[in-house]
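Q: I am new to reading protein structures and would like to look closely at one part. Could you choose a chain, walk me through it slowly, and explain the terms as you go?

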Amino acid sequence: MDARQSGVIFKTFYETDKAKENIMTISKLVVDYRLKRYSIRAISDTTLNLKRGKITALVGESGSGKSTLASAILNCIPNPGVIVSGEIYFHGNNGEKTIEIRKLSEKELNQYRWRCVSMVFQGAQSALNPVMTIFAQFYETMKVHDKKTSKEAAYKRSCEVLKIVNLDPDRTLKMYAHELSGGMKQRVMIAFSLLLNPDLIILDEPTTALDVITQDYILNILKRINREMGTSMLLLTHDIAVVAKFADYVGVMYAGKLVEYGDTLAVFEKKLHPYTAGLINATPSLYADLEGLKPIGGNPPDLVNLPKGCVFHPRCPKCMEVCKNYMPPDTFDSSGHLVKCHLIKG
Amino acid sequence: MSQQNRDIQQERIKQYLTEEKMFKRADRKEDYSLSRSIREISVKNVKKGFLAIFNMSTWGKAVQVIRKGGKAARKACTNAVKKWMVVLSLGRAATWKNLVIGLWKFIKMFFSNKKATAGTIIMLFFVLMALFGRLIIPYDPITDENNKYLPPSTEHLLGTDNLGRDVLGQLVYGSRDVLTIALLTSLITVFIGTSIGMLSGLAGGVIDNIIQIITNLFLSIPSFPVLLIFASFFTIEDPFSFAMVLSIWGWAGLSRAVRAQIVSLRERDFIQICKVMNLSKSHIIFKEMFPNIATYILINFIVIMRNAITGSVGIMMMGLADFQPSNWGAMLLRAKDTGAILIPEATYFLFAPIVAIMIFQMGAILLANGLDETLNPRLRED
Amino acid sequence: MSSLIELRNIDMVFQRQGRVIGTKRKFHVLKNISLNIEEGEILALVGESGCGKTTLGKIITGLLRPTKGDLLYKGNSVYKIFNTNYQEFRKSVQFIQQDSYAALNPVRTVYQSIAAPIKAHNKELSKEQVFEKVEELLEIVGLIPAVQFIDKFPHQMSGGQRQRVLFARALTMKPRLIVADEPVSMIDVSLRLSILNLMAELNKKLNIAFVYITHDLATARYIANDGRIAVMYLGEIMELSSVSELLNNPKHPYTQALISAVPIPDPRLARQQKALPIKNMDFMSMENRIDGCPFFSRCIYGEGKCINRHIDYVNAEGSYVKCCNLEKVKRWEKQV
């Protein structure tokens, strides 16, 4: 059942130096949604490294492209979306063998999904099958991946994962989806994603529909999983307070581009990109000063007609002439902190 | 917000507080003409225009009425059409400019759908045939025993019937009555079905339950046998009574669907807030709910026309309608009675009305589907 | 001077079809709520989803009638049969829904949506006057220039713009109180503050009271800065006090748990937050309520005396708290 032990069979491997500390490298990814009359560029030229054993968070609002990125990693972007160019490399937990997602065959993809990378979806209400018990769904997934799975082995594994998320296995496995509360359903989904012991878990807004106390509880569970089992995590959210509390690295996305990336403390302290600064200044908190808070002016980006030059320039308070005409280059810091802005010179 | 906008906002807030009378600004005139609502049309004119359409019994008379009514009636009709375009959200706005743009978008999308175009052409063909066909292909009721069951020739394009009359001429002559019956049935059925459905959906409670039981009754008893019974009781002499008979049983399905839509609309947020804002019930029904179901009703209109034709032809075939012999159903009746099925030369006589009905049905279905696809955003492939 | 709106012992029970035909399930959504809202104040109603805050908002607006209890507007009961100032109550209390897309008729332009109540209540206005009034309202809520938005349909506008249209529509009735049900939860984070600023502006300049329903304590603090916060749990108000008092010295165990669970957008401070003071994650459902404190099963200070009896409000240092064991609750230490 374990991806590392059962020896997932992949055919082609790559050599890269990034494999030492990263579990996944996304390189110059471009994703389009091709409609009849026009096409929308959901992700443009994004390069991102996910460090092994750490929690990386991606912050973005509507239209930033983070959900598309999650689907791209699993190579299941819904029609009419298509990956135009770029590569996604998965280095695995030992870093010895690297595979490229787009080049995987159907069979290899089926092994890759859920064993190497799994996902917890937004809104757990619709992700569970309403006519099957929880155990039936767990068993079905395990059987699909390994036909020789026996019912006892499946039951044992289900109990293991449910204990990790603090649910009582004897009671929960017999229940149906509608008998569970929102928080319990989300915990079942997290357990579901842990079934085959993946190396990377993607969490798409895992706590948006939940209340604050359940959110805190679930995020603490996720942190514990990360520390104890070494599972890397990619957390997609729009709430920067959650990011501040739980993520080790944070990336900020706007209109399909990664505009800032770095260590959480560094990003929050330096606030290099104006969008990051704007987001932090626009989030009220419980105790901090209320005086400096200001919303970001303008409207959300129109993905059909992206502005020329820097995508953020219509709303940027520090917009200069060069921002209106030229795309800002990627500027890297010594510590690997990435910023995409004309204000910051390398 | 920019400083200039902020100043405007503050000024407006002050006005709101002191309830200053609005000062008229001269430069506002062009803004008014651009954004004038269709409510400019007074209700009286709309009614006149509508009644003019309802009063006619054939399409030909309608044109005469409008011509006689003069400029006012014509303007009322165009205004009524405009208003209904908005109600059906085809025009999509309250200004001339937006109306034209919306109509053009609709036409472009509609006619890019090949099936819809085909459907429209077929229906248009039949409408024209009903209106003007008699001028092109005359109908000669004189019987000529010697010429019976002639094959198609240049003189008789579809041959002749058992009494030597031109088949094509009969087809064309009969199309007017057939279409009139279909149209009238549709109008009456839609009116009854919508009213009952809306009453049932809005009233709720006991009234809703009673009406639903009655509707169930009408739905579970098959309509055609009942129609035959009714037709044999009431004498059918003109298209109107024919339409009444056909619609007695047909309203049930539409009323059930309309009720479902109304019940779901009732709980929607924008209807709930009308209660908070103390808007009258008639406003809620006619101005908020009705435009949302108008598209559905229009499509049902066309579907019911289709069912009406089948029903009317069936009744006529059974000989229950005293009618002129040129009607399609009457043609089939005579074909059946005179044993045309057994006579090979009479094939054209027998099949002409059947094929005509088939083509009409197909046209109606294609048109209805095309309208549904264009107006219903969920079905579009975009 | 009576307060603008007074709720007295409001009880709300919903009945649904039971699992077996013939039985009914009872959901006791609100239990014994008493609340005062003064003119021009902002009251934030905070609670998790499903605690009954939307139902309470609808009762205040008059959309729902409680099974028990009374609602007084300016001292007069609204539910009296021959009530002469029912119309005045209707106009003075308006409602803003959470989902701005569902709250607007999709086949009506902004002009038609806003003009409808104006025309219905001011029949003597001419068309030009109605147009100017709509323009004025749109500019008050910040949609400038108004003519750009007048002929738009709801699906052609962004979420923030639609929410402003909802505010404009509520202002047509010249209300004294607006109940806003989670107005910013469906809007992008970067635009939330502009809507909250608009609400604060309307409150200060036009003296309109607000009931701000939310699950987010941080935005409640932002908007209700000199107002009050009421914390709800499972249909009962657990604590009611001024904002500063609630945040610096929360008395009820549930409030303390809530505050410790809210994430802080500052990484250094966030990592120092302590663990949740909650016993377990089992919820009591609204269906089979037992007498006593609804928070008992999760409260770390819960004792035998917390259940099976009626619990009264205790006035402690200026806040109203519904807790019988208040002496044992530790004083809250602010972590930042």
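A: Let's take chain C as our part, beginning with a sheet, moving on to the side that touches chain A, and ending with a glance at chain A itself. This is a predicted model, where local features need pLDDT of at least 70 and side-chain atom pairs count only at pLDDT 80 or more, while totals for chains, interfaces and linings use all residues. Residues are numbered from 1 along each chain as its sequence is written, and chains are lettered from A, with ligands numbered from 1, in the order in which they are written.

In chain C you can find an open sheet of 4 strands, and following it across gives the order β2-β1-β4-β5. Strands here are DSSP runs of E with at least two residues, helices are runs of H or I with at least four, and both are numbered from the N terminus. The pairing in this sheet is antiparallel; two strands count as paired if DSSP finds at least two bridges between them. At the edges sit β2 (24-37) and β5 (76-77) of chain C, each pairing on one side only.

Now zoom in on one pair of strands. Strand β1 of chain C, residues 5-17, runs antiparallel to β2(C), and 10 bridges join them. To see where the two strands meet, start at C:F14: its bridge partner in β2(C) is C:F27.

Next, turn to the side facing another chain. Here 35 residues of chain C are in contact with 34 residues of chain A (in contact means C-beta atoms, placed from the backbone, within 7 Å). Four helices of chain C each give two or more residues to this side: α7 (189-206), α8 (217-223), α10 (253-261) and α11 (267-270). The most comes from α7(C), with 6 residues. Sorted by class, this side of chain C has 22 nonpolar, 7 polar and 6 charged residues (nonpolar: Ala, Val, Leu, Ile, Met, Phe, Trp, Tyr, Cys and Pro; charged: Asp, Glu, Lys and Arg; polar: the others, Gly among them).

What about the partner, chain A? It is divided into domain 1 (3-116 + 200-209 + 228-339) and domain 2 (127-197), with bounds from an automatic or database domain assignment. Taken over C-alpha atoms, the centres of these two domains of chain A are 29 Å apart. Where the domains of chain A meet, 6 residues of domain 1 are in contact with 7 residues of domain 2. On the domain 1 side of that meeting, 5 residues are nonpolar, 1 is charged and none is polar.

How values were computed:
Contact = placed C-beta atoms within 7 Å.
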